[in-house]
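Colleague: I would like to learn how to read the features of a model like this one. Please give the general idea each time, then the case at hand.

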Amino acid sequence: MELTERGRSRTPQFMTNLPILIHPDPRLKKVCDPVADLDDDLRKLADNMLATMYDAPGIGLAAPQVGVTKRILVMDCVKEEGETPKPMVLINPEVLQSSDETNEYEEGCLSIPDQFGMVTRPAEVRVGYLDRDGNPQERDFDGLWATCVQHEIDHLNGKLFIDYLGSVRRQMITQKMKKLKRERARG
Ligand code: NI
């Protein structure tokens, strides 16, 4: 997920930045496969996804955004400069419980750069997942973390935040992204 206010950019050393796919792209529309075997290659992928996310800068990134259609996401919603980073790797994440109370947040996405829209989601969610070491975890998220984890889990199901917007606004944003991709292709 991209933030409206750009905060910090932290690139951990010895990691690789991966190219981020820009909408529209068929790989961003796929339902991703569960991770059956968490090996060193996937751990390395998760580390590189974190590096890519920090560098963007963003607060969340899902594997399909770097062209890997597996159920892996990374996030760190600590956005204040000087605060201790809280990098998280979530493998096969699943929303177990959602609050009735909702929260509205102006979302953005690293695959849809510089476009933002208000999205309403449950204010609190409980998520089950495997951590970077493959241990099962359960965690409650609220505030920006809740918004971000739901946004990223959507990616694993081929869903983008613009799918929550009206069709006119969605098409307008899609046209802008097509133009951006043409410009980038031209160099
Ligand atoms: Ni996104």
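**Strands and hairpins**

Modeller: Strand 6 and strand 7 (residues 136-142) are paired antiparallel, with seven bridges. Pairing here requires that DSSP finds at least two bridges between two strands. Helices (H or I, at least four residues) and strands (E, at least two) are DSSP runs, numbered from the N terminus. This is a predicted model, in which local features need pLDDT of at least 70 and side-chain atom pairs count only at pLDDT 80 or more, while totals for chains, interfaces and linings use all residues. Residues are numbered from 1 along each chain as its sequence is written, and side-chain values use heavy atoms, with hydrogens and water left out.

Colleague: How many residues lie between strand 6 and strand 7 in the hairpin?

Modeller: There are five residues between strand 6 and strand 7, and in that turn Gly134 has a positive phi of about 85 degrees. Leu130 faces Pro136 of strand 7. Strand 6 also pairs with strand 3, antiparallel, through five bridges, and there Gln97 is opposite Arg126 of strand 6.

Colleague: What do strand 4 and strand 5 form?

Modeller: Strand 4 and strand 5 form a hairpin too, with two residues between them. Seven bridges join strand 4 (residues 102-109) to strand 5 in the antiparallel sense. Glu104 has Thr120 as its bridge partner in strand 5.

Colleague: Now the nonpolar core. Which residues have the most contacts inside the largest one?

Modeller: In soluble globular proteins, nonpolar side chains tend to be buried together. A nonpolar core is a set of buried Ala, Val, Leu, Ile, Met, Phe, Trp, Tyr and Cys residues joined through side-chain atoms within 4.5 Å. Buried means under 20% relative accessible area, exposed over 50%, and partly exposed in between (1.4 Å probe, protein chains only). The largest core here has 22 residues, and Met75, Leu90, Val127, Phe141 and Val149 have the most contacts inside it. Two or more residues come from each of strand 2 (72-75), strand 3 (88-98), strand 6 (124-130) and helix 2 (143-156). Helix 2 contributes the most, seven residues. There is also a second, separate core of 17 residues, which includes Leu45, Met49, Leu50 and Ile91.

Colleague: What does Met75 touch?

Modeller: A contact is a pair of heavy atoms within 4.5 Å. Leaving out residues up to four places away in sequence, Met75 touches several residues, among them Leu50, Ile59, Phe141, Trp145, Cys148 and Val149.

Colleague: How far apart are the end C-alpha atoms of helix 2?

Modeller: The expected span of a helix is 1.5 Å times one less than its number of residues. For the 14 residues of helix 2 this gives 20 Å, and the end C-alpha atoms are 21 Å apart, which agrees. Of those 14 residues, 13 are buried. Gly158, just after helix 2, takes a positive phi of about 75 degrees.

Colleague: Which rings are stacked?

Modeller: Rings of Phe, Tyr and Trp (its six-membered ring) pair if their centres lie within 6.5 Å; planes under 30 degrees apart count as stacked, over 60 as edge-to-face and the rest as tilted. A search of the whole structure gives one aromatic pair. The ring centres of Phe141 and Trp145 are 6.4 Å apart and the planes are at 20 degrees, so this pair is stacked. Phe141 is buried at 3% relative accessible area, and Trp145 is buried at 18%.

Colleague: Why is there no bond between the sulfur atoms of Cys148 and Cys77?

Modeller: A disulfide is a covalent bond between the sulfur atoms of two cysteines. The search counts a pair of cysteine sulfur atoms within 2.5 Å. The sulfur of Cys77 is the closest to that of Cys148, at 3.9 Å, which is too far for a bond. Cys148 is buried, at 0% relative accessible area. Over the whole structure the search finds zero disulfides.

Colleague: Last, the backbone. Where is the cis peptide bond with omega near 0 degrees?

Modeller: Most residues other than glycine have a negative phi, and most peptide bonds are trans. The bond from His23 to Pro24 is cis, with omega near 0 degrees. Ala56 and Pro57 are also joined by a cis peptide bond, with omega about -5 degrees. Asn92, not a glycine, has a positive phi of about 50 degrees and sits in strand 3.
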